[in-house]
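Me: I am new to this one. Please show me the structure, and then let us go through it in short steps.

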Amino acid sequence: ENCSISITMHMGDKLVPGGTLRLYRVGAVREDDGNYSFVPTGDFKDCGLSFADVDSPDLAKELGKLAAKEKPLQEEQVGKDAVVTFKDLKTGLYLVVQNKAASGYQKVDPFLVSVPMYDAKTEKYDYSVDAYPKVDVEKDPKPTPPPTIKPKPPKLPQTGQTNWPVPVLLVMGLGMMLTGWILRSGRKTDDYEA
């Protein structure tokens, strides 16, 4: 069969064009007495991972780490219609990795697509598979708090009194007390003489 995978990038009802997707063939179909399963193939043959649960996000994540060192089978730009189609594929298990995200959006997590995919409604295998990964808006970095500025202590307003009259009044007061003391001591002497 000539297989294909069409991927539509969306966030809710909104299509998300832009970015780049890479495709890796990570598994081949193995038939054992009418039972079908996937086994690692190609660059991933010796990955040491179990393909028993191909729906596991952990398997896709681990394969995504390994894929960073490998050359992709195909790499396509996400068009204005937010769709990427990978054509001329063999049957097998494919890993899709977003190499570059659309502006303002996060990269989608790596995910697996099996070709063919069994359609329970029609009870047939579909060799043209459609996938719809969910895209999230890029998270804003934590805002840096503004620098803390220590306020200067408030300066008390002048209330009309200045400091220069204090020493002058003190000297004048002492002078008057001294004068009064002298005058008083002089009178007492005069009273005794009389």
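Me: Which residue in strand 8 does Gly27 stand opposite?
Reply: This is a predicted model, where local features need pLDDT of at least 70, side-chain atom pairs count only at pLDDT 80 or more, and totals for chains, interfaces and linings use all residues. Residues are numbered from 1 along each chain as its sequence is written, and side-chain values use heavy atoms, with hydrogens and water left out. Strands (E, at least two residues) and helices (H or I, at least four) are DSSP runs, numbered from the N terminus. Opposite Gly27 in strand 8 stands Leu93.

Me: How many bridges pair strand 4 with strand 8?
Reply: Two strands pair if DSSP finds at least two bridges between them. Strand 8 covers residues 92-100, and its pairing with strand 4 is antiparallel. The number of bridges is seven.

Me: Which residue of strand 6 is the bridge partner of Thr20?
Reply: Strand 4 (residues 20-32) and strand 6 (residues 74-77) run antiparallel. Four bridges join them. The partner of Thr20 is Gln77.

Me: Which residue in the turn between strand 4 and strand 5 has a positive phi?
Reply: Strand 5 spans residues 35-40 and is joined to strand 4 by six antiparallel bridges. One of the pairs is Glu31 with Tyr36. The two strands form a hairpin with two residues between them. The phi of about 60° belongs to Asp33.

Me: Is Tyr36 buried or exposed?
Reply: Tyr36 sits in strand 5. Buried means under 20% relative accessible area, exposed over 50%, and partly exposed in between (1.4 Å probe, protein chains only). At 55%, Tyr36 is exposed.

Me: What is the area of the nonpolar surface patch that Tyr36 helps to make?
Reply: Patch residues have over 30% relative accessible area and no salt bridge; like charges are joined within 9 Å, nonpolar side chains (Val, Leu, Ile, Met, Phe, Trp, Tyr) within 5 Å. A salt bridge is a side-chain nitrogen of Lys or Arg within 4 Å of a carboxyl oxygen of Asp or Glu. Areas come from the Shrake-Rupley method with a 1.4 Å probe, and for residues only the protein chains shown count as cover. Val29, Tyr36, Tyr118 and Tyr125 make this patch, with an area of about 450 Å².

Me: Why does Val96 count as buried?
Reply: Val96 lies in strand 8. Its C-alpha atom is 8.8 Å from that of Asp109, 13 residues apart along the chain. Val96 counts as buried because its relative accessibility is 0%.

Me: Is Lys90 buried or exposed?
Reply: Lys90 is in the loop between strand 7 (83-89) and strand 8. From Lys90 to Tyr127, C-alpha to C-alpha, the separation is 9.5 Å. With a relative accessible area of 57%, Lys90 is exposed.

Me: Which backbone nitrogen does the side chain of Ser56 reach?
Reply: Ser56 is in the loop between strand 5 and helix 1 (57-67). Ser56 is buried, at 17% relative accessible area. At 3.2 Å, its side chain reaches the backbone nitrogen of Asp58.

Me: Where in the chain is confidence lowest?
Reply: pLDDT is the predictor's confidence in each residue, from 0 to 100. The chain has a mean of 84, and 88% of its residues reach 70 or more. Strand 6 is highest, at 94. The lowest mean, 76, is in helix 2 (residues 165-193).

How values were computed. Polar contact = N/O pair within 3.5 Å; in protein donor to acceptor, adjacent residues only side chain to side chain.
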